[in-house]
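New to this one? Take a look at the model below, and then we'll walk through a few spots worth finding.

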Amino acid sequence: MEVKGLQQEKERFVTLAGSMYEQEAAEIKTVLSRYIEEGMVCQRLDFSAVDYIDSAGLGMLVTLQKRAAQRGGGLVISGLTGLVKELFVLTRVNRVFEVQ
């Protein structure tokens, strides 16, 4: 899993690539949590290059959404396609986030 970020004021643009299993979810949670702690409470996550996400990845995103919302921000998810989009819809996680 590859994570790339670009910062603008209190907003962070993050591009994810590859598959997100439990281990990758833990690594991404560490990175995105640090961004939130640094004041980047609005994070835009580009999933267009993500080909799979498991329940650990979905749970991690919900946890980060709650953490960011407590600080007045949130996660915006974009680029959902294929199986990843289906998993967001089937699990109704797409209702937790702003999805573009």
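## A cluster of rings

Let's start with Phe 88: its relative accessibility is 0%, so it counts as buried. Keep in mind as you look around that this is a predicted model.

The structure holds three aromatic pairs. In one of them, Phe 47 and Phe 88 meet edge-to-face, with 5.8 Å from centre to centre and 75° between the planes. That pair ties together distant parts of the chain, since Phe 47 sits in strand S3 (residues 42-53) and Phe 88 in helix H3, 41 residues apart. Phe 47 is buried, just as Phe 88 is.

Phe 88 also pairs with Phe 97: the ring centres are 6.4 Å apart and the planes are at 55°, so this pair is tilted. Phe 97 has a relative accessibility of 6%, so it counts as buried too. Put together, Phe 47, Phe 88 and Phe 97 make up one aromatic cluster.

## An arginine over a ring

Now look for Tyr 35. Arg 12 lies over the face of this ring, 3.9 Å from the ring centre.

## A serine in helix H1

Is Ser 33 buried or exposed? With a relative accessible area of 11%, Ser 33 is buried, because the cut-off for that is under 20%. Ser 33 belongs to helix H1 (residues 22-37). Leaving aside residues up to four places away in sequence, Ser 33 touches Leu 64 and Arg 67.

## An odd backbone angle

Most residues other than glycine have a negative phi. Arg 92 isn't a glycine, yet its phi is positive, at about 65°. You'll find Arg 92 in the loop between helix H3 (82-90) and strand S5 (98-99). Its relative accessibility is 52%, so Arg 92 counts as exposed.

Technical notes: Residues are numbered from 1 along each chain as its sequence is written. This is a predicted model: local features need pLDDT of at least 70, side-chain atom pairs count only at pLDDT 80 or more; totals for chains, interfaces and linings use all residues. Side-chain values use heavy atoms; hydrogens and water are left out. Helices (H or I, at least four residues) and strands (E, at least two) are DSSP runs, numbered from the N terminus. Buried means under 20% relative accessible area, exposed over 50%, partly exposed in between (1.4 Å probe, protein chains only). Contact means heavy atoms within 4.5 Å. Rings of Phe, Tyr and Trp (its six-membered ring) pair if their centres lie within 6.5 Å; planes under 30 degrees apart count as stacked, over 60 as edge-to-face and the rest as tilted. A charge sits over a ring if NZ of Lys or CZ of Arg is within 6 Å of the ring centre and within 35 degrees of the ring normal.
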